[in-house]
Amino acid sequence: MIHVPAEPAGRLSDAWRACVGTGRLGLALRRDYQDSLALLQRDIGFRRLRGHGLLSDDMGVHRPYEWQGSRRTHHSFTYLDQVFDALLGTGIRPFLELGFMPREMASGTQTVFWWEGNVTPPADEKEWTRLVRAVLTHLIDRYGLDEVRTWPVEVWNEPDLPPFWQDADEAAYHRLYEATAHTVKEVDAELAVGGPALSPAADGWLERFAEFAERRDVPVDFVSRHAYASGPARNVPFGTHQTLAPASTLLDQFAQPHTALAGTPLAGLPVHITEFNSSYRPDNPIHDTAFHAAYLAPVVAAGGDHADSFSYWTFSDVFEETGIPTALFHGGFGLLTHRQIRKPTYHLYAFMARMGEQQLARGDDHLVTRHADGRITVLAWAPVDPTGETPGPDGHTLRLSLPVAGEGGGEVFVRRSSVDEERGNAYTAWRHMGSPRSPRPGQLDMLHEASEPARSHSRLPVDNGRTDLAVTLARHEITLVELTPVDDETPPWWDERRLLGGEPA
């Protein structure tokens, strides 16, 4: 029995909901994207959204033209306005990532992803900075300076990897960052600019970035990197399988910037993990499973110890980096499939959204919080084995002694919501259906129903301001238990034995 103290250990960090990832921003023009985002915000309520492609050609911002024998540039904000209007309309603000390079401005032809984002430096640095200035100025004019000051500005994405930055040229990235950061500050000194948005494979880049920023007196308001825990990809047609390191590896990666920057001028700056997930592949079936939710539960519960934000990559399977998805469940990054079917990891976040403000206890398999009105919430998860060498625990039991409102006796109402291999798991139902690539309308209805968590209700006695809770977790289960003191208003004449008109015994 774990004795949970009545006094809080502190406030529960909300770094887990500070940001979430998305496919390229142009996808926000689609109805299914907007429907998915509205559902996400209703159930979870993320504060910011980060995605690629703000400046890529499909957004149509950079529009060079010839006039009277000279090359000129027009900046068009038609799609940009529609995208940001849609985001703000659902209550989520952007985390701006400046990239990729407009084709007509690029110094080369190298691209990344099915949608061909150009990843080469600008042919003309001044043209790039004019573009950055124009975009930020327009956003301020449209949405207001106070609003845009709340939008962090991140320069590029994973420049340490050759697929994302030509030859992973570190010196070229430093030049891009320097020119961009100064431009951001010229637009408004209070806009927050940072980077370098490194991959987990970056070796020494962050330390050298700090040295460069100090040497060149370049503004840096936050540092960013990414975190993934998967091994090399083993490809099958339209899919990928990978080994996984223990989930604690992700927490180690969250903490790495603080360690790397200790003693540098960047020490103490906010740290944003602007992408994280188990696998870095958008076609790994692990993302669709109950295992995935249980695997990430300790990361979501504890990540705020190490970073100011950690952004799940991504909120939806409306995502096209490797092409248009080939099936409803295809291993996409999303918390939601397209058609808004909730995956088990979606419920992990929805459960976190129901936790209280005060953190009472946290362990290897649980997180306990209290709301301001005295309600107790328990998030529990079955520990998982990432190696796959064992089938994972079945029947894992957690026993807690919990403080509840009031000093005397009484009872608490207990509401439990559960997701595991069978319950709240549309992926399992889809597999039982025969894995239809394009489910019919009736099948989609069944899958939406299957994605609903299992719920149960009961009461527990209270003795001297405490109640004992025993939770037995199925394989790969995550569960949310909410306990509310009972104010019993049952009339004194109520007798269940008389429901059918009989006399009491």
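## Burial and aromatic pairs in a predicted model

Of the 505 residues in the protein, 55% are buried, meaning under 20% relative accessible area with a 1.4 Å probe and protein chains only, while over 50% is exposed and in between is partly exposed. This is a predicted model, where local features need pLDDT of at least 70 and side-chain atom pairs count only at pLDDT 80 or more, while totals for chains, interfaces and linings use all residues. Residues are numbered from 1 along each chain as its sequence is written, and side-chain values use heavy atoms, leaving out hydrogens and water.

Let's start with the overall fold. The protein has 11 helices and 25 strands, which are DSSP runs numbered from the N terminus (helices: H or I, at least four residues; strands: E, at least two).

Now to the rings. Phe, Tyr and Trp rings (for Trp the six-membered one) pair if their centres lie within 6.5 Å; planes under 30 degrees apart are stacked, over 60 edge-to-face and the rest tilted. By this rule there are 33 aromatic pairs. Here are two of them:

| Pair | Centre to centre | Angle between planes | Class |
|---|---|---|---|
| Y177 and F209 | 5.0 Å | 85 degrees | edge-to-face |
| F254 and F310 | 5.1 Å | 35 degrees | tilted |

Y177 in helix α5 (residues 170-187) and F209 in helix α6 (residues 205-216) are 32 residues apart, so this pair links distant parts of the chain. Both Y177 and F209 are buried. F254 in helix α7 (residues 248-261) and F310 in strand β17 (residues 309-312) also link distant parts of the chain, 56 residues apart. F254 is buried at 0% relative accessibility, and F310 is buried with a relative accessible area of 0%.

Ring pairs also build a cluster, whose members include W115, W128, Y177 and F209.
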